[in-house]
Structures are given as structure tokens and as C-alpha cells.
Amino acid sequence: MRKHIVAGNWKMNNDLPQTELLITELLKQNKTSDAEVMIAPTFTNLWQAFESLRQESIEVIAQNMHFAENGAYTGEISASMLKSIGIETVILGHSERRAYFNETDESLAKKVDAALANDMRIIFCFGEELADRKSGNHEGIVESQIKNALFHLEADAFKNIVLAYEPVWAIGTGETASPEQAQDMHAFIRKTLADKYGNDVAESVSILYGGSVKPNNAKEIFGKPDVDGGLIGGAALKAEDFYAIVNAF
Ligand code: PGA
């Protein structure tokens, strides 16, 4: 069976004391589902978060990384730096990285390679903008994002890849894809994978949905057969809300 995963993307929120406080709150929550739980604090707080959660079943993951191993890339952080503090999973390709930091399919393909070369697990994000959805080109856009960044990989690499479909128009807007829209796209993504790598790979990859998942809509979205979890932004910043979503499975 595919893994259920609920990952909280904290984005550029929470300084160190706030991070420690939210982790304390998270540890008070009761987990009643089988979902793997992850949180992605900002770089400066990863080490502290990792230390605080070392014995716990919440994985601390990174929001981004650079594709180079090291060198003259002022302000950047490499896969091996993350690994050296215990971080095993990285989010790549979030739409905010694509929109505000010029990340392209090409640069993302390099980041994917670097993460895999360092034995890291990847949550790879993609999704269409509102104009693509309106013009009916949403599947075409998603297909090209996946193909351009991932289809140079061997099938085996998908053991370390989780996909996250995040329609840009639903991120931080309070607008969610309907459970049917999410299911339709997730089924399309799985078919795209199956066409290239075969059914075994397609059936084994977890596909998360992201975009305004909240306690009041998580159950319906997670109830769809091809939705294997969620990448949660705003609602991940409140421990009760986040666990209400974790427990929606
Ligand atoms: P949101 O963010 O839940 O606040 O819409 C989701 C994301 O950006 O991963």
C-alpha cells in the first residue's frame, strides 16, 4: 500500500522561539492515523527542530536546497549540508520557488539529481496556474512539469520521490481544488507515470495534494483513491489544525 503522508510547509514563518513553541504544541497532539508526519521549518531552525524531534515520529524536512555540492553560491545550502544535520527529505519545486526565485524545470532537474545523489527523499511540487485551468491546459502543464524535471530518471529513483500536486490558484488563497478536481488530476499524474515507468512504479508513488487543505476539507480530499496525503501551508502553523488534517485519514 502507498504511504500516507502529511507534510507541513512552514514557509518563511516562525523564528527559533516560535519554532520551539510550535514543536511543543505538536508533541501534545494525538495521532490516530497511519500518516507519516513531516514538518519543514526554515533553514535556520532545522537543526534545533531535528534535535527536538530526534526521538519522535515527526520527520524534519527542508523547504529547498541548491543543486551544487558546494562552492561559490552565496546564500545557498547543499544537500550534503542538510544531510550532515540529519535532514533526509527536501521539498523541491514549490510554486513560490518557481514564481519568486526563478526556478525552472531545468534547474529543478539538477536539484532532483543532487538530492538523489545524496540519498535524499524528495517531495516534488508542481501545479498549474489559474489561466491554465481556465483554458483547459492544466493537464498539459502538469505533464510537462513532471516530464521535464523527472523523466530522465530511472524507475528505481521513484522509491525516493513523493509527488505533490499544488494548483497555484489554490495555494494560500482559501480556494481549494474540489475533491473531484484533485482526484482527476492525481489519476492523470499516475497514468503519466504508468505510461513511462509501468504500473508498479505508478501505483507505488505517493501523490500529495496541496492548496488550502484545512481541517474541514481534508477528510473529503484524502478520501479520494489517488490522493495519498497533503502538503499543508497555513494550517500547518497551528498544531491542532495540523493534527486534525493528519488524523483525517
Ligand atoms: P496553503 O499552502 O495550505 O497555505 O494553501 C500549501 C503549500 O503552499 O504547500
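**View 1. Helix 5 and helix 7 sit oblique to each other.** This close-up, like the others here, comes from a predicted model. The axes of helix 5 (residues 105-117) and helix 7 come within 7 Å, and they cross at roughly 50°. Since angles between 35 and 65 degrees fall outside the parallel and perpendicular ranges, a crossing like this one counts as oblique. As for its hand, the crossing of helix 5 and helix 7 is right-handed. On the helix 5 side, look for Asp105, Leu108, Ala109 and Val112; these meet Ser144, Gln145, Asn148, Ala149 and Leu150 of helix 7. Sort the residues of this contact by class and you get five nonpolar, three polar and one charged.

**View 2. Helix 7 again, this time with helix 8 (residues 179-197).** Here the two helices pack at an angle of about 40°, and their axes are 11 Å apart. Helix 7 and helix 8 are therefore oblique to each other. Helix 7 passes helix 8 in a right-handed crossing. From helix 7, the residues to find are His138, Glu139, Val142, Glu143, Ile146 and Leu150. Their partners in helix 8 are Met185, Phe188, Ile189, Thr192 and Tyr197. The contact of helix 7 with helix 8 breaks down into seven nonpolar, two polar and two charged residues. If you have just come from the previous view, Leu150 may look familiar: this helix 7 residue is listed in the contact with helix 5 and also in the contact with helix 8.

**View 3. Helix 1 (residues 16-28) packs with helix 11 (residues 239-246).** The angle between this pair is about 45°, with the axes 9 Å apart. That makes helix 1 oblique to helix 11. Helix 1 brings Leu22, Glu25 and Leu26 to the contact, while helix 11 brings Ala239, Glu240, Phe242 and Tyr243. By class, the contact of helix 1 with helix 11 holds five nonpolar and two charged residues, and no polar ones. The crossing of helix 1 and helix 11 is right-handed.

**View 4. A look into the largest pocket, with a volume of about 670 Å³.** Its lining is made up of 27 residues. To get your bearings, start with His94, Glu96, Arg97, Tyr100 and Phe101, the lining residues that lie nearest the centre of the pocket. Which elements each supply at least two residues of the lining? They are helix 4 (95-100), strand 5 (121-126) and helix 7 (138-150). Helix 4 gives the largest share, with six residues. As for chemistry, the lining of the largest pocket is a mix of eleven nonpolar, nine polar and seven charged residues. So helix 7, met above in its packing with helix 5 and with helix 8, turns up here as well, as part of the pocket lining.

Conventions: Residues are numbered from 1 along each chain as its sequence is written. This is a predicted model: local features need pLDDT of at least 70, side-chain atom pairs count only at pLDDT 80 or more; totals for chains, interfaces and linings use all residues. Side-chain values use heavy atoms; hydrogens and water are left out. On a 1 Å grid over the protein atoms alone, a cavity is a set of points where a 1.4 Å probe fits but cannot get out, and a pocket is an open set with protein on both sides within 12 Å along at least five of seven lines; lining residues have an atom within 4 Å of a point. Grid points are joined across faces, edges and corners, and a volume is the space filled by probe spheres set on the points. Helices (H or I, at least four residues) and strands (E, at least two) are DSSP runs, numbered from the N terminus. Ala, Val, Leu, Ile, Met, Phe, Trp, Tyr, Cys and Pro count as nonpolar, Asp, Glu, Lys and Arg as charged, and the others, Gly among them, as polar. Axes are lines fitted to C-alpha atoms, for helices over the stretch in contact, and angles run from 0 to 180 degrees between N-to-C directions. Angles under 35 degrees count as roughly parallel, over 145 as roughly antiparallel, 65 to 115 as roughly perpendicular and the rest as oblique. A crossing is left-handed if the near helix is turned anticlockwise from the far one by less than a right angle, and right-handed if clockwise. Contact means heavy atoms within 4.5 Å.
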